[in-house]
Amino acid sequence: MVVDIQTDTLVKVERLKKLFPVSRGMFRAVKNYLHAVDDVSFEIKKGEILGLAGESGCGKTTTGKLLVRLEEPTEGHIFLNGVDIATLEGRDLKKFRRNVQMIFQDPYESLNPRMTIYDTVAEPLAVQRIGNIVERQERVAEMLSVVGLTPPESFLFRFPHELSGGQRQRVAIARAIALNPAFIVADEPTSMLDVSIRTGVMKLMMELREKFEISYLYITHDLSVARYMCDRIAIMYLGKIVEMGETEEVIQNPLHPYARALLSAVPIPDPNYKREAIEIKGGVGKPIDPNPQCRFLDRCPVAVPHCEEAPHPPLEDKGGGHYAACYEVK
Amino acid sequence: MEAAQVRYQPLWRVRLGLMRKSLATNWELFRDSKIGPIGLAIILFFGIFGALHPLLMSTVWDAAIYDPVTGYDFPTDAQLKQGLTHPLPPSTKHLLGTDPWGRDILSQLMYSTRAEFFLGVFAAFVTVFIGTLIGAISAYYGGFTDTFFMRLADVVMLFPLLAFLIVLSAMINLNLYTLAIVIGVIGGFGGITVVLKSQALTIKVKPYIEAAKVSGGSHLHIITTHIIPNVLPLSFLYMMFNVTGAIFTEAVLSFFGLMNIQMSWGLMVEMANISGYLVGDAVTKYWWLFWPASLSISLLCTAFYLVGRGIDEIVNPRLRKR
């Protein structure tokens with residue numbers, strides 16, 4: 001599908017950092033910090049889908065939560081339409097929330113079991129005091145039909161437990177778009193869904209992007225989903241973005257050794273396919289007070305002595321908008 | 001076109017319908033619990049029992065004879081000839097006999113029922129109201145607020161409530177209202193906060209709380225529309241258990257004569273006690289002085305407990321048989 005990506009930037013993230021204090025008992029001063037998101041910068045253009053991939057615990061979800069201000073950034077800036085939202089408070093923060101929404105991973109947990117579908121979808125409208133009751137009802141019905149829950153009247157006053165997983169995720173999406181946001185953080189919205197209904201939900205999100213010009217940050221650990229959905233893709237490792245670029249370019253021609261290993265692990269439905277074995281040593285470490293050197297140093301198959309001395313490599317353009325954070329990649 | 005009409009039904013009517021539906025399913029579960037309906041039947045019995053009293057007073061019963069506090073009935077000549085005097089055993093005129101002061105026991109029993117109901121339910125309501133609010137708040141905010149209320153709960157739980165009430169009765173005028181409020185408030189800051197807080201904690205981490213935050217919901221909005229409604233079933237359950245405690249506490253205080261109250265079940269037992277009918281074989285010989293009141297206390301307490309267990313079955317899916 002050819003998508004006309006406009007060139008103006010919607011979201012710009014600059015040197016974003018989030019450290020979590022690691023507590024060791026109630027009265028001891030905090031000495032250690034978990035570097036969940038460490039100096040991350042990227043941009044998302046209007047109507048673009050940026051995929052954020054990586055294994056568990058690499059800081060994908062924290063990045064998403066920072067972008068919707070569910071977490072307070074420790075350092076750095078997040079610009080939405082040129083306004084720094086990292087330090088918004090009070091009324092401005094509430095107003096900002098109209099523009100940004102989040103879709104959660106587990107549709108079984110992201111809907112209040114004691115609220116009807118109507119109440120759930122209308123909640124953002126009610127909280128933001130938009131429209132009167134009749135208008136809200138019409139808006140909710142409209143949103144439900146947009147996400148493919150038709151006829152909306154038969155869904156309005158049902159409870160979440162009366163719906164299937166796919167239907168619930170559609171409700172969650174309807175809720176997210178009810179405020180007409182410019183930007184949505186989707187935190188693995190399909191990973192809890194049955195494979196047979198996954199594509200339906202993904203297609204719906206693509207349609208919404210075209211219809212309402214919504215940009216997404218699509219967090220996933222599934223590279224095939226990322227390939228299907230995303231215009232560009234960023235790969236994270238222990239709080240750092242190690243590689244970023246056009247989806248096809250990253251997937252066909254990964255530069256960073258971690259990205260190469262990650263992509264070689266994607267199963268190919270071909271019994272005769274001989275996978276290129278990329279050896280990486282050990283397992284993922286914990287990003288608690290990490291060394292200043294490259295995060296991937298301990299496991300890196302291509303490390304040279306220079307890597308031991310230099311700080312973590314910067315994310316550099318290695319040609320054609322394909323960024324990688326490695327000294328050994330030219 | 002039927003579907004289109006559903007949409008423009010007024011919201012309150014839809015909600016009423018939904019409520020009725022959920023009530024119906026809950027009622028089914030409650031009925032299946034078997035012990036719940038037994039408790040409810042006993043409560044209903046006492047409800048009617050208490051409601052009948054003013055009715056009887058205004059129609060059949062003469063106030064001079066049957067008033068639970070000031071009434072007096074002279075023994076009949078036949079009874080006097082037998083050497084019988086107050087307390088008189090049950091007769092057709094006094095179905096449960098009279099007390100040592102010549103007052104009708106049945107009338108006292110019926111009159112007290114209302115007070116017991118009021119005290120039990122009101123105290124439990126105060127307890128649950130405070131407990132739910134504090135539990136939800138300390139779970140949601142955590143940190144210092146949480147620590148403060150939890151340590152307070154520990155202190156209150158260690159607190160000898162009855163001893164405190166005995167001391168308190170010497171200092172303030174302890175009538176039905178003040179007692180209900182005191183029991184309610186002390187209970188509300190006690191163990192129930194810990195239970196409801198732990199329940200609220202499981203709600204707090206649910207993504208729908210985060211979804212509400214992302215939409216711009218204030219702390220108040222999240223606590224009132226998400227946390228409290230999800231804790232409420234458990235609160236209601238604990239309310240039932242608290243009724244029992246309140247009624248029992250009142251009975252004990254009345255028995256010690258520490259309540260500024262005209263008539264209650266505890267006071268009826270005290271009456272039997274101070275007149276010397278609770279010693280030796282007098283307990284069996286003058287059974288009507290002691291058994292009706294003490295049985296009523298036990299029965300009503302049991303009834304609320306049983307209803308609580310029935311509700312437990314609705315609230316706690318693990319207890320369900322199906």
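In this predicted model, helix H6 of chain B and helix H10 of chain B pass each other in a right-handed crossing. The axes of H6(B) and H10(B), the latter formed by residues 191-204, come within 7 Å and cross at roughly 45°, and the two helices are therefore oblique to each other. On the side of H6(B), the contact includes B:Thr127, B:Val128, B:Gly131, B:Thr132 and B:Ile134, while B:Ile192, B:Thr193, B:Leu196 and B:Lys197 are among the residues that H10(B) contributes. Sorted by class, the contact of H6(B) with H10(B) comprises nine nonpolar, six polar and two charged residues.

The chain in which this pair lies has 15 helices and zero strands. Along its principal axes, the C-alpha trace of chain B spans about 85 × 55 × 35 Å, and buried residues account for 41% of the 322 residues in the chain. Among the contacts in chain B with a separation of 6 or more, 73% involve residues that are 24 or more positions apart. An example of two residues distant in sequence is given by B:Val121, whose place is in helix H6 of chain B, and B:Val243, for these two are 122 residues apart along the chain whereas their C-alpha atoms are separated by 5.6 Å. B:Val121 itself is partly exposed, since 18 other C-beta atoms lie within 10 Å, and 20 or more would be needed for a residue to count as buried.

A second pair of helices in chain B is H3(B), which covers residues 35-58, and H15(B); they pack at an angle of about 140°, with their axes 7 Å apart. That angle makes H3(B) oblique to H15(B), and the crossing of the two is left-handed. Residues of H3(B) that take part include B:Ile35, B:Gly36, B:Ile38, B:Gly39 and B:Phe46, which meet a set of residues in H15(B) that includes B:Leu299, B:Leu300, B:Ala303, B:Phe304 and B:Ile311. The residues of this contact of H3(B) with H15(B) divide into 14 nonpolar, three polar and two charged. B:Ile311 also lies 8.4 Å from B:Pro233, C-alpha to C-alpha, although the two are 78 residues apart in sequence. B:Pro233 is found in helix H12 of chain B and counts as partly exposed, with 17 C-beta neighbours inside 10 Å.

Helix H13 of chain B, made up of residues 265-274, is largely enclosed by the rest of the structure, because eight of its 10 residues are buried. These buried residues are B:Trp265, B:Gly266, B:Leu267, B:Met268, B:Val269, B:Glu270, B:Met271 and B:Ala272, and what covers them includes H6, H12 and helix H15 (287-315) of chain B. With H15(B), the axis of H13(B) comes within 9 Å and crosses at roughly 155°, which makes H13(B) roughly antiparallel to H15(B); the crossing is left-handed. B:Trp265, B:Met268, B:Val269 and B:Ala272 of H13(B) make this contact together with B:Leu289, B:Phe290, B:Ala293, B:Ser294, B:Ser296 and B:Ile297 of H15(B). By class, the residues of the contact of H13(B) with H15(B) are eight nonpolar, two polar and no charged. H13(B) is followed by B:Gly276, for which phi is positive, near 85°.

Beyond the single helices, the model can be described through its nonpolar core and through the contact between its chains. In soluble globular proteins, nonpolar side chains tend to be buried together. The largest nonpolar core here has 161 residues, of which A:Val121, A:Ala174, A:Leu217, A:Tyr218, A:Ile235 and A:Val242 touch the most other members. Helix H6 of chain B, residues 105-141, gives the most to this core, with 17 residues. When residues up to four places away in sequence are not counted, A:Tyr218 touches A:Ile49, A:Leu50, A:Gly51, A:Leu52, A:Ala186, A:Ala226, A:Met229 and A:Cys230.

Between the chains, 22 residues of chain B are in contact with 26 residues of chain A. The elements that give two or more residues to the side of chain B that touches chain A are helix H1 (2-7), helix H2 (11-32), helix H11 (207-214) and helix H12 (219-255) of chain B. H11(B) gives the most to this side, with seven residues, and by class the side of chain B that touches chain A holds 12 nonpolar, six polar and four charged residues.

Key: Residues numbered from 1 in each chain as written. Chains lettered and ligands numbered in written order. Predicted model: local features only at pLDDT ≥ 70, side-chain atom pairs only at ≥ 80, totals over all residues. Core = buried A, V, L, I, M, F, W, Y, C linked by C-beta atoms within 7 Å. Buried ≥ 20, exposed ≤ 12 C-beta atoms within 10 Å, placed from the backbone. Helix = DSSP H or I, 4+ residues; strand = E, 2+ residues; numbered from the N terminus. Contact = placed C-beta atoms within 7 Å. Nonpolar A, V, L, I, M, F, W, Y, C, P; charged D, E, K, R; others polar. Axes fitted to C-alpha atoms, helices over the stretch in contact; angles between N-to-C directions. Parallel < 35°, antiparallel > 145°, perpendicular 65-115°, else oblique. Left-handed = near helix turned anticlockwise from the far one by under 90°.
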